[in-house]
Structures are given as structure tokens and as C-alpha cells.
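Got the model open and wondering where to begin? Let's take a walk through it together, one stop at a time.

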Amino acid sequence: MVAACFTLFLTTVGGIYSWGVLQDRLVAEGLAPASTLVWIGSVQASVESVIALPGARLVAAYGPRRVALVGSILAAVGPVLASFCTHSVAGLIMTEGFLFGLGQSLCFYASAMLPATYFLRRRNLATGIVFSGAGVGGAVFSIITAQLLEATDLAWTLRIVGCIFLALNLPAALVLKSADRSRSRFLQTRKSCSGPHSRTSGSSFSSVGSSIAIFPLFVPPFFLPLYANSVGLSTSMSSLVLAGFNLSSAVGRFGFGVFADLLLGSLNSLVVCLFLVGISTLVIWPLATSVAPLVVFAIVNGLCAGGMFSLFPGTIANVFGSRNLSQFFNLIFFFWMPGYFLGSPIAGYLLQAYGGPEGGIGAYRPAIFYSGVLSLIAAGFVLAVRVIQDRSVFKKM
């Protein structure tokens with residue numbers, strides 16, 4: 001079950017994290033500036049929040065297998081149809097943006113919380129393995145997409161990638177099955193949370209903090225290829241930098257899951273991740289004027305950003321209680337919609353306002369500072385949740 005969920009994350013969420021390679025090609029071909037094209041990736045991600053509540057109901061009503069099968073087909077059809085409208089921004093938004101986004105969202109909700117219903121003591125580990133599929137997929141498809149773009153044109157690249165998605169997703173979707181109800185009920189009732197006051201206060205801060213953290217989430221993967229080109233790297237080398245970011249993200253999703261289970265707990269680990277994301281963005285990225293520091297930034301930021309995302313389910317269980325995990329997981333995803341939809345476009349407009357990719361690496365710095373500061377603000381809110389839950393410094397939470 002974990003392997004099937006991992007595969008669905010590999011192709012669908014990994015497809016979003018590799019969008020930067022396609023965006024780089026479209027900018028190079030002169031279709032539109034990055035501030036416009038980033039909306040395609042933004043739509044891919046934001047659909048996940050738009051259908052958060054209906055998506056959960058669909059999974060509850062029809063089961064994860066059927067929902068994932070429909071999602072697998074849509075996630076493949078999107079890129080294939082996009083191959084016929086590579087000269088239209090509106091067409092790409094509807095196909096590669098909305099249609100693929102809808103498919104990947106259905107696959108996401110069919111598989112994201114499934115491991116949590118099969119595991120208790122190693123819930124963070126199981127979730128981390130599944131969520132690491134997004135980073136592995138982002139790395140793999142960044143390289144595959146870049147190689148296909150060199151070997152053929154953009155249209156055929158999209159068609160081939162769509163066929164790969166379908167070939168991998170359909171078998172994985174057929175494996176999905178809800179956990180036995182008695183076992184799921186047992187897992188849900190084993191954990192309890194703090195008193196009513198701490199739950200109410202903590203839930204408010206955690207909702208606000210996580211929503212802020214989503215705004216800068218896709219800024220590095222969407223803009224690293226463009227930034228690498230501005231530094232002087234070739235398209236293939238830029239895709240490798242993005243692959244490094246995504247591979248580090250996969251390690252972070254898995255590694256921080258283990259780290260949280262064994263040492264700090266989900267909430268403490270999330271605070272650490274968010275602070276490191278913000279610090280690495282503000283300190284390392286602006287100084288990355290050559291390959292070496294850029295690679296260091298990609299590794300450190302990817303590691304912590306990946307860990308951050310995989311720790312959200314465990315943190316939600318900690319704050320809201322395991323019994324409410326699925327309900328609040330989908331509700332919070334719905335509240336993340338502004339960050340998914342506007343986070344990267346805001347960075348794109350800041351980039352364009354200060355000269356665009358042609359303006360050199362200095363033009364990227366306002367977008368970089370915007371991203372880093374928001375991550376630190378989000379870290380502050382999550383730290384407030386930790387203090388509200390328990391003031392003991394060394395307590396595992």
C-alpha cells in the first residue's frame with residue numbers, strides 16, 4: 001500500500017515540482033514572461049486546495065481506488081492535450097494547469113492519508129515515505145523532461161510524459177484499498193490531544209502558520225531553473241539543480257519523518273524545518289552567484305521544505321487529535337488555497353517588476369526575500385502552537 005501511494009506521489013505531485021523545467025523552455029521560446037507562465041504551475045497546485053473538501057467526500061463515498069483511477073486518467077490526459085496548445089497560455093492553463101491539477105489532486109487525496117490508517121507508532125515514517133515520492137518524482141521528471149526537450153520538441157515531450165504518468169499510475173491506483181474499519185477506528189482512538197483550550201488556541205495558530213508557509217512553498221522549484229540560467233548554467237545543468245532540490249526534498253520527507261518519530265515529534269520538527277527554510281532562503285540563496293553555493297542552497301532548502309510538508313499530517317494529529325485527522329487535514333488544505341494560488345505568482349511579479357530574468361540575479365532578490373521572510377513568519381506561528389501545547393522545552397511533541 002505504501003509503495004502504491006509512493007508511486008502516485010512520484011508522478012502527480014512530482015509533476016508539479018518538475019514544472020520549472022517546462023516553464024524555463026516556454027520562457028526561452030518567448031511564449032510569455034515568467035510572471036505569466038508561473039500561473040500554470042500555480043493552478044496545478046491550487047486545484048488541490050479547491051477540491052479538498054469534495055475530494056475527501058469522494059474518497060469516503062467511492063473509495064480510494066476509484067478516485068485514484070479517475071485521477072490517473074486526468075493527470076495523463078492533461079499533458080497530452082497541452083501538447084496541442086503549446087502556443088497558448090490560456091490553453092496550457094486549462095490543460096497542463098487545471099486538468100492535470102485536478103487529476104493529481106484526486107490521486108493525492110486518495111493516497112495521502114491512507115498510510116496513516118494502517119500505522120500508528122510509525123505513522124510519520126509511513127507518511128514520510130509516501131510524501132517522499134513527490135521529491136523523487138520531481139527529481140526524476142526534471143531530468144526526464146530536460147532530456148526529452150533536448151531530444152525532441154515541447155509538444156512530444158508533453159505527450160511522452162503523459163503516457164509515462166498513465167503507465168505508472170493505473171497499476172498503483174488498482175492496489176489502493178481502505179484499511180479495515182475496526183483497525184482504522186482503533187488507530188484513531190489511541191491518541192488524544194491536550195485540553196479544549198490548548199486545542200482551540202493551537203488550532204488557530206497552526207492554521208494561520210501553515211497557510212503562510214504555503215505561499216513560498218513552490219518559489220524555489222518554480223524559479224530555480226530560471227535563476228540557474230541567469231547565473232550562467234545551461235538548461236541541462238539547471239534541470240540537474242532542480243533535480244537536486246527535489247531529491248533533497250525526498251530525503252527530507254522521509255528523514256524528518258524518522259527524526260520526528262524517534263526524537264523531537266512532529267510539532268517540534270516542523271518548527272525546525274520552517275526556520276531552516278527561511279534562513280537558507282535569506283542567507284544562502286542571495287549569495288548563490290555560482291554553481292557551488294546554488295547547489296548548497298538547493299540541498300539545504302529542499303531537505304527542509306520536504307520535511308516540512310511530510311510533518312503536516314503528524315502535526316495536525318498532534319494539535320487536533322488523531323480522531324479528527326482526516327477531517328482537519330482536508331479542511332486545512334482548503335485554507336491553503338490562497339498560498340497555492342498566489343504564492344508563486346507574487347514572486348513572479350516581483351521578479352518581473354525588478355527586471356525579469358534578463359535583469360540578472362539582482363532581479364530575483366525581492367522575490368527571494370519575500371519567500372524567506374514568510375517562512376520565518378510561519379515558523380513563528382508554529383512555535384506559538386508549540387508553546388501553547390506545552391511549555392516544556394525538551395518534551396517530544
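What follows goes from one helix and its charged residues to a helix pair, and then to some contacts across the chain.

Keep in mind as you look around that this is a predicted model. A good place to start is helix H2, which covers residues 19-28. Of its 10 residues, 8 are buried, so H2 is largely enclosed by the rest of the structure. The buried ones are Trp19, Gly20, Val21, Leu22, Gln23, Asp24, Leu26 and Val27. Once you step off the end of H2, have a look at Gly30, which takes a positive phi of about 80 degrees just after the helix.

Asp24 deserves a pause, since it is an acidic residue sitting in H2. What does a buried Asp24 do for a salt bridge? Asp24 goes without one: the nearest side chain of opposite charge belongs to Arg25, and that is 7.2 Å away. With a salt bridge requiring a nitrogen-to-oxygen distance within 4 Å, that gap is too wide, because 7.2 Å falls outside the cut-off. Asp24 does have a polar partner, though, as its side chain makes a 2.8 Å polar contact with the side chain of Asn229.

So where does Arg25 find a partner? Its side chain meets that of Glu29 in a salt bridge, at 3.7 Å from N to O. In general, side chains of opposite charge can pair when their charged atoms come close. There's also a bit of helix geometry worth recalling: an α-helix has 3.6 residues a turn, so residues three or four places apart point the same way. As for surroundings, Arg25 is partly exposed because its relative accessible area is 23%, and Glu29 counts as partly exposed too, at 45%. If you go hunting for further salt bridges, you can stop here, as the structure holds 1.

Next, swing over to a pair of helices. Two packed helices are described by the angle between their axes and the distance between the axes. For helix H4 (residues 52-82) and helix H5 (residues 89-111), the axes come within 5 Å and cross at roughly 145 degrees. The crossing of H4 past H5 is left-handed. What kinds of residues make up the contact of H4 with H5? They divide into 21 nonpolar, 6 polar and 1 charged.

Now for some contacts between parts of the chain. In helix H3, which spans residues 34-50, you'll find Gly41. Gly41 is buried, its relative accessible area being 0%. Its C-alpha lies 8.9 Å from that of Phe341, although 300 residues separate the two along the chain.

Helix H6 (residues 123-151) gives you a couple more of these, one of them at Ile129. The C-alpha atoms of Ile129 and Val251 are 9.0 Å apart, with their positions 122 residues apart in the chain. Leu125 is in H6 as well, and from its C-alpha to that of Gly255 is 8.1 Å, for a sequence separation of 130 residues. Ile129 is partly exposed at 28% relative accessibility, and Leu125 is partly exposed at 23%.

Finish up at helix H12 (residues 266-283), the home of Leu270. Is Leu270 buried or exposed? At 2% relative accessibility, Leu270 counts as buried. Leu270 and Ala260 are 10 residues apart in sequence, and their C-alpha atoms are 8.8 Å apart in space.

Methods
Residues are numbered from 1 along each chain as its sequence is written. This is a predicted model: local features need pLDDT of at least 70, side-chain atom pairs count only at pLDDT 80 or more; totals for chains, interfaces and linings use all residues. Side-chain values use heavy atoms; hydrogens and water are left out. Axes are lines fitted to C-alpha atoms, for helices over the stretch in contact, and angles run from 0 to 180 degrees between N-to-C directions. Helices (H or I, at least four residues) and strands (E, at least two) are DSSP runs, numbered from the N terminus. A crossing is left-handed if the near helix is turned anticlockwise from the far one by less than a right angle, and right-handed if clockwise. Ala, Val, Leu, Ile, Met, Phe, Trp, Tyr, Cys and Pro count as nonpolar, Asp, Glu, Lys and Arg as charged, and the others, Gly among them, as polar. Buried means under 20% relative accessible area, exposed over 50%, partly exposed in between (1.4 Å probe, protein chains only). A polar contact is a pair of N or O atoms within 3.5 Å; within protein, one must be able to donate a hydrogen and the other to accept it, and residues adjacent in sequence count only if both atoms are side-chain atoms.
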